[in-house]
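Here are some notes to read with the model open beside you. Take the points in order and find each residue as you go.

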Amino acid sequence: MSFTISLGGSPLTCNVEQVSATTKGAVDLVFINDTTGSMSGTVKGIASSVEKFATEIAAGGVDARFAMYTYG
């Protein structure tokens, strides 16, 4: 299964395959987010993209855990 989101106008694609028809593929994902003043206009867009990505990956049968690291 392939998921693509746009971050800052650049596409980010993630491919995750199921282990079997009865077992969900497991994946741990960490997003790193720059929260400095110069990025203030994109923070809400990033949050929206991550939320959409999480919804799509869960609907695709992937057992995902998410974390976000921010710096600024």
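1. Of the 72 residues in the chain, 25% are buried (under 20% relative accessible area, with exposed meaning over 50% and partly exposed in between; 1.4 Å probe, protein chains only). The accessible surface adds up to about 4900 Å², and 55% of that belongs to carbon and sulfur atoms (areas by the Shrake-Rupley method with a 1.4 Å probe; for residues, only the protein chains shown count as cover).

2. A word on what you're looking at: this is a predicted model, where local features need pLDDT of at least 70 and side-chain atom pairs count only at pLDDT 80 or more, while totals for chains, interfaces and linings use all residues. Residues are numbered from 1 along each chain as its sequence is written, and side-chain values use heavy atoms, leaving out hydrogens and water.

3. Now trace the chain from the N terminus: the elements run β-β-β-α-β, giving one helix and four strands. Both kinds are DSSP runs numbered from the N terminus: helices are H or I with at least four residues, strands E with at least two.

4. Which residues build the largest nonpolar core? There are eleven: Phe 3, Ile 5, Cys 14, Val 27, Leu 29, Phe 31, Ile 46, Val 50, Phe 53, Ile 57 and Val 62. Strand S1 (2-7), strand S3 (25-34) and helix H1 (43-59) each give two or more of them, and H1 has the largest share, with four residues. (A nonpolar core is a set of buried Ala, Val, Leu, Ile, Met, Phe, Trp, Tyr and Cys residues joined through side-chain atoms within 4.5 Å.)

5. Zoom in on Leu 29, which sits in strand S3. Is Leu 29 buried or exposed? Leu 29 is buried, with a relative accessible area of 16%. Leaving aside residues up to four places away in sequence, Leu 29 touches Phe 53, Ile 57, Arg 65, Phe 66 and Ala 67 (contact means heavy atoms within 4.5 Å). Leu 29 and Ala 67 are 38 residues apart along the chain, yet their C-alpha atoms are separated by 6.4 Å.

6. Val 50 is worth a look too. With the same sequence neighbours left out, up to four places away, Val 50 touches Phe 31 and Met 68.

7. Chain-wide, take the contacts between residues at least 6 apart in sequence: 64% of these join residues at least 24 apart.
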